[in-house]
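The dialogue below works through how to read a few features of a protein model. A learner asks and a teacher answers.

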Amino acid sequence: MRLLKQFGAVAAVALAGSLAVGAVRGNPFLTLGLGLATAVLALLTYAWVVRRTERRAPVEVAGKGAGAAVGRGLLIGVGMFAAVIANIALLGGYRIDGMGSAAGALALLGFMAAAAVTEELIFRGILFRIVEERIGTWGSLVLTGLLFGLAHLFNAHATLWGAIAIAVEAGGMLAAAYAATRTLWLPIGLHFGWNFAQAGVFGTTASGRTGPEGLLDGVLSGPTLLSGGGFGPEASLYAVLAGVVLTIVFMWLARRRGHLVPRRRRSARTDPTATLAR
């Protein structure tokens, strides 16, 4: 029940923010303001509903150390995408045709902030965290990663391969980032850094969605497995490999820090072998 209550509260904010952004029809300043407002309201709503349904302080979104954690995530996300796009460009799959739009990049800043925050709250803060209590860290990582990929099947230019790529490189990696740190700030920063670098800086399609121009007028070409095709670089093998590497690193850190949650076992009262042992 708490999962549904928390999901419903944050999803309602995300939906309202999405409708508001759509209503301003790409106005960069209004999109920026509404996107940032949606992100803040979603965080406040999450903290409130967790307190109400779990009777605890939502330490995963505690203010202490939030700036540093988001900053680290930003660096990882931007660096990761820069490495991916550089490899695609080296093989002729990406070129820059000139400058894009500073106003478009400003609008994307707000849009991507709202998307990163609301998606991390829903998929990692709510779904991954609560499911993990029952089936353990690894099981929850796989299940919620698949759900994250499935959610992207409804995007424009979506393909089964693109959804699988998102499930692996983002769904798994961002869940692992949360498991390693037990805070949502690093995954939020990483998610935002990756998305904004992709659309806001290098001007490529993000998860099949087209929107305002970024700072650069970027063009993708070549085989889908190299460039990602109409879905964008997230469907590139380079992105998948980068996501897998970071997932392994984060899960190693989670294990080293003692953050892995085992699968819940049946209690002795329901375990027939325990009864026989007595």
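The turns that follow take up the core, one buried helix residue, the surface, the salt bridges and some backbone angles.

Q: What kind of model is this?
A: This is a predicted model.

Q: Which residues touch the most other members of the largest nonpolar core?
A: The general idea is that in soluble globular proteins, nonpolar side chains tend to be buried together. Here the largest nonpolar core has 53 residues, and Tyr46, Val61, Leu121 and Phe250 touch the most other members.

Q: Which helices each supply at least two residues of this core?
A: They are helix H1 (2-23), helix H2 (28-54), helix H3 (66-90), helix H4 (102-151), helix H5 (160-181), helix H6 (185-201) and helix H8 (237-256). There is also a second, separate core of 9 residues, with Ala105, Ala113, Phe196 and Ala199 among them.

Q: What does Tyr46 touch, not counting residues up to four places away in sequence?
A: With those residues set aside, Tyr46 touches Val10, Glu60, Val61, Leu121, Gly125, Ile126, Arg129 and Leu184. Note Arg129 in that list; the salt bridges will bring us back to this residue.

Q: Is Thr31 buried or exposed?
A: Relative accessibility is read against a cut-off, and buried means under 20%. Thr31 has 4% relative accessibility, so it counts as buried. The residue is found in helix H2.

Q: Which backbone oxygen does the side chain of Thr31 reach?
A: The side chain reaches the backbone oxygen of Asn27, at 2.7 Å. Not counting residues up to four places away in sequence, Thr31 touches Val21, Val24, Gly26, Ala107, Gly110 and Phe111.

Q: Which residues form a nonpolar patch on the surface?
A: A patch is read as a group, by its members and their joint area. Ile135, Leu143, Leu147, Leu150, Leu153 and Phe154 form this one, and together they have about 550 Å² of accessible area. Phe154 sits in the loop between H4 and H5. Its relative accessible area is 73%, so Phe154 is exposed.

Q: How many salt bridges does the count come to?
A: Side chains of opposite charge can pair when their charged atoms come close. In this model the count comes to 9 salt bridges.

Q: Which residues are linked in a network of salt bridges?
A: The network links Arg2, Glu54, Arg56, Glu60, Arg129 and Glu133. Take Glu54 as a starting point. Its side chain meets that of Arg56 in a salt bridge, 2.6 Å from N to O. Glu54 also forms a salt bridge with Arg129, where the closest N and O atoms are 3.0 Å apart. This second pair links distant parts of the chain, with Arg129 in helix H4 and Glu54 in helix H2, 75 residues apart.

Q: How do the accessibilities of these residues read?
A: Glu54 is buried, since its relative accessible area is 17%. Arg56 counts as partly exposed, at 26% relative accessibility. Arg129 is buried, with a relative accessible area of 7%.

Q: What else is Arg129 in contact with, leaving aside its neighbours within four places in sequence?
A: Arg129 is in contact with Arg2, Gln6, Tyr46, Val50, Glu54, Arg56, Glu60, Arg124 and Tyr178. In addition, its side chain reaches the backbone oxygen of Gly125 at 2.7 Å.

Q: Where are the partners Glu132 and Arg182 placed in the chain?
A: Glu132 is in helix H4 and Arg182 is in the loop between H5 and H6; the pair links distant parts of the chain, 50 residues apart. The closest N and O atoms of their salt bridge are 2.7 Å apart. Glu132 is buried, with a relative accessible area of 2%, whereas Arg182 counts as partly exposed at 23% relative accessibility.

Q: Which value of phi does Arg25 have?
A: Phi is read by its sign and by the residue type. For Arg25, phi is near 55°, a positive value in a residue other than glycine. Arg25 lies in the loop between H1 and H2, and at 77% relative accessibility it counts as exposed.

Q: Where does Arg55 lie?
A: Arg55 lies in the loop between H2 and H3. This residue has a positive phi of about 55° although it is not a glycine. At 67% relative accessibility, Arg55 counts as exposed.

Conventions
Residues numbered from 1 in each chain as written. Predicted model: local features only at pLDDT ≥ 70, side-chain atom pairs only at ≥ 80, totals over all residues. Heavy atoms only, no water. Core = buried A, V, L, I, M, F, W, Y, C linked by side-chain atoms within 4.5 Å. Buried < 20%, exposed > 50% of the residue type's maximum accessible area, 1.4 Å probe, protein only. Helix = DSSP H or I, 4+ residues; strand = E, 2+ residues; numbered from the N terminus. Contact = heavy atoms within 4.5 Å. Polar contact = N/O pair within 3.5 Å; in protein donor to acceptor, adjacent residues only side chain to side chain. Patch = residues over 30% accessible without salt bridge, like charges linked within 9 Å, V, L, I, M, F, W, Y side chains within 5 Å. Areas by Shrake-Rupley, 256 points an atom, 1.4 Å probe, with all protein chains shown as cover. Salt bridge = Lys/Arg side-chain N within 4 Å of Asp/Glu carboxyl O.
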